[in-house]
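Me: Got a minute to walk through a fold with me? I'll paste it here.

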Amino acid sequence: MSATADGAAGEPLLRTQELQKNFGGVKAVSEISFDVPMGAIFAVIGPNGAGKSTLINLISGVYRPDAGSLSFDGVDLSTMPAHLRVRFGIARTFQKIRLFRQLTALDNVIAGFHVHHKIPAWQYLVHGAAFTADRRRCRDQAMQLLEFVGMSGRAHVPAGSLSYGEQRMLELARALATKPRLLLIDEPAAGLNAAEVDGLLDRIRSLRHGGTTVILVEHNMDLVMNVADRIMVMEYGRRLFEGTPAEVQKNPAVIAAYLGGELL
Amino acid sequence: MTTTIVLQQAINGIVLGSLYVLVALGLTLIYGVLVQINFAHADFVTLGAFAAYFFMHLVGLGYIPSIAVALIVGAAMGWLINASIFTPLRRKNNELLPLIATIGVSVMMQNLMLAWFGPIPYAFETEFSRHVIRFAGIFVSWQNVIIIVVSALTIALLYVFMKFTFLGKALRAVSQDRETAGLMGINPNFLIMLTFVIASALAGMGGAMLAPVLVLTPFAGTSVIVKAFAIVIIGGFGNVEGTILAGLIVGLIESYTTQFLNPGLIDIVVFALLLLMLAIRPTGLISERREENV
Amino acid sequence: MSETVFAQQWLGKATSSRARFLGYLTAVAVIVTLPLVFNDTYWRTNLTVCAINVLLAIGLDFILGYAGQLNLGHSAFYGLGAYVSTLLIVKLAVPFWLAFVAGVAFAGLAGTFLSLFAVRLRGHYLAIASLGFAVIVHQILLNWISLTQGPLGIYGIAPPPALVVDGTVIADFRNLTAFFYLVAGFALLSFLLLSQLVRSPVGETLTAIREDEVSAASLGINAAAWKVFAFGVGSAIAGAAGCFYASFVGTLVPDAFFITEAFNILAMVIVGGMGTLIGPVFGAVLLTILPEVLRGLGDLRLVVYGAALTFVVLFIPGGMAQAANAVGERLWRRRSA
């Protein structure tokens, strides 16, 4: 069993037990158990190939686990398809950016409202008052989200034409449109400059204040140290250590791995 | 009596099957290297058949040289379609655009041939068609002997080329991993061009040999391409061994369906097999599953 | 293909509801006037063929341009609609409009069946599966002689019954103009409903699936269900086109639904501009009329389909919609400069 949450945050929102995923004989994720407390910022770090992204894919439902289980707010997710998990409040971004490149930034975010439309079926064919209200609401909220990620000026630019940093931010806004309780962020800082990273960290913190639980996967340890409540270190698909940032910094196994040079 | 028929149809099936293999191998080679489909591939078959026909009738050097002419015509078409369609579209990095563009090329080629050669089927008789070997109640024309020998030789040659020559190894490297080929010091664009030329030469040559078996009209390509698709899917796209096996199976299905059921059912049987295959095992007879990398 | 986006915006979303209303009014006016301008049998026949092709093109565009599923077997749904409705009328004496509904439903069901492949297969594999499906349907029509009379075909299919209100004949569909109004009206209605649909969240949902299925799933989109939906709708529209075709031409032969017909429909969608609804309408009209205008060239005129398809993919992948957009934008810039 995993270490219990450290008091402050309360009941676990996500619990994984002995989670396992193999790719042709390679154990990408092996016997991973951990709890993510509600309202926490939970970071997963480790070198490339440690299984961090596979873990995100297991939680978001892109992959099914070969063994083990995961539950979200008491609901078993193990066999639930990815699109249904969104309705329970799980959203994600992708390590390799996957925007709808031909759609504008605004339309990317609006697509994120898929599970939140309130339109009677017949109004899809004959647009009435409820339809118009829903469209206006989606548009306004999408603009707010773009503003939140600092992109309100780029709303009408096709996603494919945005800069790399903007695309990362747009993915974040799109994921937030689903109104998640748990947000999975996969290597958000990759390819960002220092200023952009700072802006990103501020936004992650303000999300937590808004009540969103965050799982942050990162390659770069320094980045997560001052934002995460708990950190899980992964290596070769296994859990190397889990604890508070202070504990992680003091742990000999983690230090050894660091001195090995790979985690930098 | 029945055994003779079964044997006779087995031979007919193998003749047909080895020709389908020639055509389908081209599609599979291109798919292996580029992950693209040339829909006009079978129209190169038709063009090869017409080239052989007119060379034989106008120049009169006999059937074997006309196969070589068809091969050259096919190779030229391969170079042309790569240069005009696939190279310009490569930077768009879209898997469906080249397929759609080559459907256009196919429609163009068929109607150009229709305008030139007319809709009436050509009777493609060669000096070998009427010489028949009789053996234990089975008839084999010299024509069919030539088909089997030439296609078997070609397939063997291709196999040796792919397995043992430097270029062949480079080709296989590209089909497995685009970057390795660069490391081998070969321009990938050259390899892609070479693939098109080889694949289309096979199609042209297959045309010269299919022509006596087929109803030779400008639209002959359509019925060939749909079967070639069935073969590459059943064999597993990009898989050479699977394609050979599937080609022979389809040839046999065709000859046995003609004999024991009804020739009208051939396409239905072949495509029912295709859809079944796609439903249960989309990666082909001999292959492993891959999971998408996210 | 980012070009199509701009076309989509200019022609689709950015237009105000007043502009759209004016557009529909113009469309009605054009439909009403056309048979009065072209008053010979030959051109009136072509007008109806245009309207049938418009139906086929917008149906395929919904599957291909919006949901992004390369369906090379659209001719199958067209043929199934035609044969199912005709056989019900000829063999079982079912009333026309009931047979029409059955034909549409059957084509829709066939589309739903094919979509089950689309759920599992992607890109090239789906293209070939749909092609295989169309080949099988064509061969069945050709070989089930006891039912379809095979290559001999079915002759003497009656037009839809006259529309009679209180004993007065409103429209007699033996009349070419009335038939054109019927099909064009149906096409306009289908266009209107599809247009409403693609400007609703369904439009974003389908486009999201076209662009990236994994990403779409991460937003809660059930790609499988929406593909079934897109195929069902698109193929049902093709089924309607088939019912009209049979009763319009009066003769049914399997070769009318050979896979080359699917390529012609594909050409209409691509040339018009896939991913916009209005583009394929003009693509269908252009590719129906152009071969007629070029009749003097003999068989060479059919090269037009292939040449147009290849040329557009290579040079203007957004089709006529993209070209119109570029021209419109240039004019706009000149005016504001």
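Reply: Sure. Domain bounds here come from an automatic or database domain assignment. This is a predicted model, where local features need pLDDT of at least 70, side-chain atom pairs count only at pLDDT 80 or more, and totals for chains, interfaces and linings use all residues. Residues are numbered from 1 along each chain as its sequence is written, with chains lettered from A and ligands numbered from 1 in the order in which they are written.

Me: OK, what domains does the assignment give for chain A?
Reply: Domain 1 covers 1-89 + 180-264 and domain 2 covers 101-178 of chain A. Their C-alpha centres lie 27 Å apart.

Me: How many residues does the contact take from each domain?
Reply: 10 from domain 1 and 10 from domain 2 of chain A, with contact meaning C-beta atoms, placed from the backbone, within 7 Å. On the domain 1 side, α6(A) gives the largest share, three residues. Helices are DSSP runs of H or I, at least four residues, and strands are runs of E, at least two, numbered from the N terminus.

Me: Switching to the sheet: what's the strand order?
Reply: β6-β7-β8-β3-β9-β10 of chain A, an open sheet of six strands with mixed pairing; strands pair if DSSP finds at least two bridges between them. β6 (90-92) and β10 (238-243) of chain A are at the edges with a single partner strand each, so one side of each has no neighbour in the sheet.

Me: And in which sense do β6(A) and β7 pair?
Reply: Parallel, over three bridges, with β7 being residues 182-186 of chain A. A:A91 sits opposite A:L183 there.

Notes:
Contact = placed C-beta atoms within 7 Å.
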